[in-house]
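Trainee: I am new to this structure and would like a close look at a single part of it. Please take one pair of helices and then follow the links that lead out from there.

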Amino acid sequence: MGNQDSGSIEFTFSPALFFEDLPNNKKPDHEEDVVSGKETFHSNSSNKPRWFQAAKAAVPFGEDVFWQVLNRWVLEAPSVIPPISKVDILQDTSPLDFASSDTTTTTTILSSDNRDPGNQKHTDLLEHRKPFRTIRRQLIPKRQDCDPVMEEELLFWKRSSDSDDSSALETPEKAGQEATSLVTFAPVLVPKLPTAESTASPESGAEEKVTTPQSQTDIEIMETTLPFFYPKVRGFRYGYQSDREEAPEDLEEHNCGNHGHGVTDSAEAGDAADGTSATATQTKKKSVRNSKRVFAKRAGWITLDLYLAGDEGEFTKKMQYAFTELFKKLYKWGFNTTKGFIKSRVQHDVMVPKDRYMRTYARMKDRYAQKWVQDWPEKTDARKFVFEDIAIAAWLVALWELEREEMTKGGGGSKGVDEESQEKQDEMKDEKKDEEDVVKPVMQTFVDLGCGNGLLTHILNEEGHPGKGIDIVSRKVWEIYGPGTQLKASTIIPNETVFENVDWIIGNHADELAPWVPIIASRSKPLTRFVVIPCCFFGLAGRYQFPSGAPDGKYKAYQDYICSVIEACGYNLQTEILRIPSTKNVALVGMTRKTAKRTFDDMVKSGDDDGDLAEVMDEYHEFTEQVDDLVRQSGLFVPRVSDNQRQKMQKVKRDVRLALAKEASSSSPSTPADE
């Protein structure tokens with residue numbers, strides 16, 4: 001690609017698709033040349049599976065990029081197939097650099113399940129080629145209550161200068177025979193055992209014919225054990241064939257797959273099937289030829305092959321679409337890699353590992369979601385608010401679990417909770433000592449400012465965290481939660497408010513209280529932590545006034561404003577992009593204080609008396625003065641009027657206007673009579 005600006009280089013991805021030529025789309029008794037022109041293929045279950053090419057396309061990237069992409073796909077399956085939650089590698093036999101031509105194999109078992117990758121199935125899938133790497137992985141779906149967990153094998157092969165794989169490539173009927181690199185994906189088919197209830201007829205009591213695991217066909221196993229998102233085929237593979245283009249006369253024709261590779265006719269046939277006329281296609285090509293855009297040269301070909309026997313059933317349009325999209329992703333990931341492009345994605349799971357969060361969320365969703373979606377008494381969208389609050393609660397519960405684990409390392413007790421809370425909960429434990437043999441871990445306490453419907457407070461209370469929610473007005477749903485949920489309708493004057501007996505202050509879409517949360521936390525006690533999820537744009541004294549220009553958008557500008565308040569309060573800022581159904585999903589967290597010496601929180605907990613603690617306390621007071629100055633400069637805080645109060649005020653104004661109009665109408669003077 002030379003020294004050209006990679007950002008200006010283009011390439012036309014024009015794959016040739018051969019789905020109509022697959023044996024599954026042929027009539028069972030219709031004799032037709034399928035592969036080599038010399039053999040008639042009958043689609044029935046007696047045929048042995050073999051490889052058929054489903055797609056082929058010219059690409060501008062090299063074989064090394066092909067391997068980079070497939071290497072990423074090993075662990076990044078959720079980015080390739082969205083219904084997948086995560087991937088666990090059960091076994092991996094690989095060289096240090098499998099993108100190189102070195103085929104030396106080093107075995108690394110990543111699980112206690114010691115499986116032997118070398119078997120007859122691998123021999124058939126690879127057509128007697130020798131893989132340099134094999135992987136067995138577990139695909140865990142997002143909906144584990146609906147979709148089964150499955151295992152998959154990945155087989156990596158690359159032609160090397162000193163390897164003799166010619167015997168596998170001599171047969172002309174085999175698809176992908178020109179590929180120099182192949183990555184094969186194959187489901188691990190485990191027969192589903194019949195249940196005991198299915199072995200006898202409930203009416204006659206006679207034994208019915210039961211399909212045993214040994215008698216089940218691959219198709220029966222795939223239909224009953226594979227999740228919906230996984231194709232019901234015995235295997236599929238991606239291949240790469242080096243075929244660098246040299247000084248082409250027509251770059252567009254090269255990109256469309258000419259030069260004797262049998263792609264042009266199929267592509268034109270596809271245009272005809274889509275209703276695109278040949279004239280329109282030619283016009284499109286001419287316009288591309290006459291343009292001034294810079295096109296990349298072809299570096300090789302990528303292929304998609306399917307391992308079929310013809311008994312899989314019709315290859316539906318849905319399956320064709322799924323494989324076409326995967327093939328397109330392979331090209332896009334490869335092309336973007338050559339351009340040095342990294343997709344701009346937010347960074348999730350910074351503070352809480354994804355697997356821990358997902359486990360916590362799944363458990364809490366099963367416990368709370370159905371009940372509150374069905375029984376939601378408010379006029380608001382139940383599904384949005386219920387699932388959003390469950391997701392936030394799951395993240396907080398998981399974060400607090402990590403905090404307790406971190407603070408209890410070394411047997412030092414629950415240092416993550418301040419001494420006063422510790423003593424209070426210790427007293428409660430002593431009262432229940434006769435009833436409970438196991439001492440429960442100390443749970444963080446909290447206050448949820450601007451709690452709204454109170455569901456987040458309710459869930460945290462149900463999960464064992466003592467705390468309360470405060471909002472300017474109560475909601476209907478508050479009456480349903482029960483006495484175990486502590487909610488209070490009250491107007492908070494933040495400049496006069498501190499919470500000395502809580503560990504965490506929560507500001508979840510707290511409106512005008514959002515910028516005050518770190519200030520209240522800093523004034524409450526040295527170890528108070530907080531989390532703010534900003535939403536509406538409020539400053540310390542009313543609506544936030546944006547500075548001139550917000551190139552990254554108002555929400556980002558408002559985040560920066562909240563961060564500046566956090567900075568003034570002396571907290572080390574941590575940020576998490578929450579997995580919630582909302583665009584306002586940024587959590588700004590303060591768990592530790594800034595100090596020039598050792599961690600401020602550690603010294604307070606340890607009661608350090610070597611002089612550092614006194615110095616740090618001086619720094620703490622400096623931050624307190626900064627906060628006071630910030631509050632004085634912002635002006636007087638004006639509490640927000642609640643919606644109910646606003647409606648009442650509007651009704652009073654409306655009644656006053658009607659009364660004045662009525663009075664004016666009744667007191668208007670009559671017209672005097674002519675004298």
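At roughly what angle do the axes of helix α1 and helix α9 cross, and within what distance do they come?

Mentor: Keep in mind that this is a predicted model. The chain has 675 residues, with 19 helices and 20 strands. Your pair consists of α1, residues 63-75, and α9, residues 317-338. Their axes cross at roughly 120° and come within 9 Å. The crossing of α1 past α9 is right-handed.

The residues that meet can be listed from each side. From α1 they are V65, F66, Q68, V69, L70, R72 and W73. From α9 they are L326, K329, L330, W333, G334, T337 and T338.

Helix α9 also takes part in a link elsewhere. K317, in α9, forms a salt bridge with E20, and the closest N and O atoms are 3.8 Å apart. E20 sits in the loop between β2 (16-17) and β3 (50-59), so the salt bridge joins distant parts of the chain, 297 residues apart. K317 has a relative accessibility of 61% and therefore counts as exposed, the cut-off being over 50%.

That salt bridge can be set beside others, since a search of the whole structure finds 30 of them. One of these pairs E153 with R136, at 3.3 Å from N to O. Here the partners lie in two strands, E153 in β7 (residues 150-158) and R136 in β6 (residues 133-141), 17 residues apart. E153 is buried, with a relative accessible area of 7%, and R136 counts as buried too, at 15%.

Another salt bridge stays inside one helix. The side chains of E388 and K384 meet at 2.7 Å, N to O. The two residues are separated by about one helical turn because they are 4 residues apart in α11 (residues 382-407). E388 is buried, at 4% relative accessible area, while K384 is partly exposed, at 32%. There is also a network of salt bridges, which links E127, R129, R237 and D305.

To place your helix pair in the whole chain, two totals are useful. Of the residues, 44% count as buried. Among contacts between residues at least 6 apart in sequence, 72% join residues at least 24 apart.

Key
Residues numbered from 1 in each chain as written. Predicted model: local features only at pLDDT ≥ 70, side-chain atom pairs only at ≥ 80, totals over all residues. Heavy atoms only, no water. Axes fitted to C-alpha atoms, helices over the stretch in contact; angles between N-to-C directions. Left-handed = near helix turned anticlockwise from the far one by under 90°. Contact = heavy atoms within 4.5 Å. Buried < 20%, exposed > 50% of the residue type's maximum accessible area, 1.4 Å probe, protein only. Salt bridge = Lys/Arg side-chain N within 4 Å of Asp/Glu carboxyl O.
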